[in-house]
Amino acid sequence: MGRGVLLIISGPSGSGKGTIVERLVDELGYSVSISATTRSPRPNEKHGVHYFFSTVESFEKMIENGELLEHARFCDNYYGTPKKYVEEQLEAGKNIILEIEVQGALQVKEKYNDAVLIFTMPPTLTELRRRLENRGTEDKATIDKRIKRAEEELEYLPRYDYLVINDTVERAVKDIDCIVNAERMKCSRNPELKNKFKGDVC
């Protein structure tokens, strides 16, 4: 089976990355990283399913011990990606997804050089705006901020491995799965096969 692929999916709000990740998990058996947080659980949230809930003291100890792939503080709460869970999934041969923003993605890439960074986008910024407007959950000022943030995130594209255009979810899911399958066949990910073939005497 071999070691799984660490897949990092980023993209602006409205790019559809959440839906893509759900399809990869539900239909193709990918794993998704569970984040740790110091915020309180919401009524429908379960420890180890939606988040690993932690005290501030425990979270800061994880930071000190290098147990997080990346972390950030947002609205007075810590959020981060536990290294142990990710490693367990990779060793089990599972492809695991981290759905995180660009800064966190680059933090992880520093620790895992073979992590595959994928940036998702609609075909155009105009389409991105249309999708945000169709949600009906944000005013024009908020949408304008999200578009501006998307333009800023696009500056990081050269540091990503792949750009997947989310024209339709089905095509985007297929494209990402093809990328991961190709990555798993890389010679650099399968160094043990050389000796296997050498031992295969006709």
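Start by selecting T126 and N134: these exposed residues sit on the face of α5 turned away from its buried side. Exposed here means over 50% relative accessible area, buried under 20%, and partly exposed in between, with a 1.4 Å probe and protein chains only. Before going on, note that this is a predicted model, in which local features need pLDDT of at least 70, side-chain atom pairs count only at pLDDT 80 or more, and totals for chains, interfaces and linings use all residues. Residues are numbered from 1 along each chain as its sequence is written, and side-chain values use heavy atoms, with hydrogens and water left out.

Now turn α5 over. Helix α5 covers residues 125-135, and its buried residues are E127, L128, R131 and L132. Viewed down the axis of α5, these buried residues fall within an arc of 140 degrees, so they line one face of the helix; the arc is taken from the directions from the helix axis to the C-beta atoms. Helices (H or I, at least four residues) and strands (E, at least two) are DSSP runs, numbered from the N terminus.

Add α6 (140-154) to the selection: the buried residues of α5 pack against α6, where contact means heavy atoms within 4.5 Å. Just after α5, click on G136, which takes a positive phi of about 70 degrees.

Stay with these two helices and show the side chains of D144 and R129, which meet in a salt bridge (2.9 Å, N to O). This pair links distant parts of the chain, with D144 in helix α6 and R129 in helix α5, 15 residues apart. A salt bridge is a side-chain nitrogen of Lys or Arg within 4 Å of a carboxyl oxygen of Asp or Glu, and by this rule the count comes to 19.

Further along α6, select R149 and E153, whose side chains form a salt bridge (3.6 Å, N to O). Both lie in helix α6, four residues apart, about one turn of the helix. R149 is partly exposed at 33% relative accessible area, whereas E153 is buried at 7%.

Next, bring up the sheet. It is open, with five strands in the order β2-β7-β1-β8-β9 and parallel pairing. At the edges you will find β2 (31-32) and β9 (162-165), each with a single partner strand, so one side of each is left without a neighbour in the sheet. Two strands pair if DSSP finds at least two bridges between them; β8 (residues 116-121) and β9 run parallel and are joined by four bridges. Pick F119 and look across to L163, its bridge partner in β9. Helix α7 (residues 169-184) packs on the sheet, touching β1 (6-10), β8 and β9, and its direction makes about 155 degrees with that of β9. Axes are lines fitted to C-alpha atoms, for helices over the stretch in contact, and angles run from 0 to 180 degrees between N-to-C directions.

Then select E91 and R3, whose side chains meet in a salt bridge (2.4 Å, N to O). E91 lies in helix α3 (residues 83-91) and R3 in the segment before β1, so the pair ties together parts that are 88 residues apart in sequence.

For the last stop, colour the cysteines. How many disulfides does a search of the whole structure find? It finds zero, with a disulfide defined as a pair of cysteine sulfur atoms within 2.5 Å. The sulfur of C178 is 19 Å from the closest cysteine sulfur, in C187, too far for a bond. C178 is partly exposed at 44% relative accessible area, and C187 is exposed at 71%.
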